Structures are given as structure tokens and as C-alpha cells.
Amino acid sequence: MSDREFGGNDDLTLPKATIQKIITEILGDKSGLAFGKDARDLLIECCVEFITLISSEANEIAEREAKKTIATEHIDKALRELGFPEYVSEVLSVAGEHKEQLRTREKKTSKMEQSGLSEEELLKQQQELFRSATDKYNQGPT
């Protein structure tokens, strides 16, 4: 997959701080190894190229199957077809963990729920605010 197909990937990147954190986790603080800035930037370019390659292949697979959304199984097939079958089990494991996190995460509560008031109480407050605003408007400038 070349940069020309995507109009160049100058605008595609990954957060340097995130990549640095991953590198530090892998190398460990006590390893005594340093990872040069140039090496980190090259690693980022390689990651972007790998993601682009897998995404493009998964998109082609989805299109062949007349699907409009790239699903996990398309990533699975793309990895296998591109010669990366050793990544499939880890990718599927992480996808499962992510799906579980989405299922169990706290749902956002609306402002209405956060208020702790019933719908009738809120409606009463709203009507009072409208009444107050109308009175102020009708009084004119003071």
C-alpha cells in the first residue's frame, strides 16, 4: 500500500506521547535502554502504514461481501490474507475485552436524572422560570 493511494500520509500519525508510553512499558524503566527520537518517529510511521494496510484489506473484504461496515471478522480475514495469522488471536481477545468494557461501562446520566427531581417538579420549575422571565420582560427597562 503506497502513500500515493491515500494522497500521502503526511496527515496520518499517532500520538507521540502514547507511543512513548507503550515503548516505556515494553522496555521497562530498569532496562537501561533508550529509544531515540528518530527511532520512535520511524516506529510511528511503520504503525500508521501497518494500520493503513490492514484497514485497506479489511475494506476490500467487506466490499466483496457487500457490507458497508468493516467488522471484526473482516480484520481477522485481512490479517490472515496478508500473512499475519499470529496476530489474530490477540486482536480478537482485545476486541472481546473492548466489547465487554462497552457493555459494562457506566451509562451517562441526563441532566434530568442528575437533578434528582421528578418530571412534574422539573416542569413546575420550568413554568415558574417562564413566568418570572415574562414578568421581567413585561416590566420593561428599569
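**Exercise 1.** In this predicted model, determine which residues Ala-78 is in contact with, leaving aside its neighbours within four places in sequence.

*Solution.* Counting heavy atoms within 4.5 Å as a contact, and setting aside the neighbours within four places in sequence, one finds that Ala-78 touches Ile-54, Glu-57, Ala-58 and Ile-61. The next step is to place these partners: Ile-54, Glu-57, Ala-58 and Ile-61 are among the buried residues of H2, and the cover over the buried residues of H2 includes helix H1 (16-27) and helix H3 (72-81).

**Exercise 2.** Identify the residues of the largest nonpolar core, and state which element gives the most to this core.

*Solution.* The largest nonpolar core has six residues in all, namely Ile-54, Ala-58, Ile-61, Ala-78, Leu-79 and Val-88. Two or more of these residues come from each of H2 and H3, and H2 is the element that gives the most, with three residues. As general background, nonpolar side chains tend to be buried together in soluble globular proteins.

**Exercise 3.** Work out what span helix H2 should have, and compare it with the distance between its end C-alpha atoms.

*Solution.* Helix H2 covers residues 37-64, which is 28 residues, so at 1.5 Å a residue the expected span is 40 Å; the end C-alpha atoms lie 41 Å apart, which agrees. Beyond the helix follows Ala-66, whose phi is positive, near 60 degrees.

**Exercise 4.** Describe the secondary structure and the burial of the protein as a whole.

*Solution.* The protein has six helices and zero strands, while buried residues make up 13% of its 142 residues. Its accessible surface is about 11,900 Å², with 54% belonging to carbon and sulfur atoms.

Key. Residues are numbered from 1 along each chain as its sequence is written. This is a predicted model: local features need pLDDT of at least 70, side-chain atom pairs count only at pLDDT 80 or more; totals for chains, interfaces and linings use all residues. Side-chain values use heavy atoms; hydrogens and water are left out. Helices (H or I, at least four residues) and strands (E, at least two) are DSSP runs, numbered from the N terminus. Buried means under 20% relative accessible area, exposed over 50%, partly exposed in between (1.4 Å probe, protein chains only). Accessible areas come from the Shrake-Rupley method with a 1.4 Å probe; for residues, only the protein chains shown count as cover. The expected span of a helix is 1.5 Å times one less than its number of residues. A nonpolar core is a set of buried Ala, Val, Leu, Ile, Met, Phe, Trp, Tyr and Cys residues joined through side-chain atoms within 4.5 Å.
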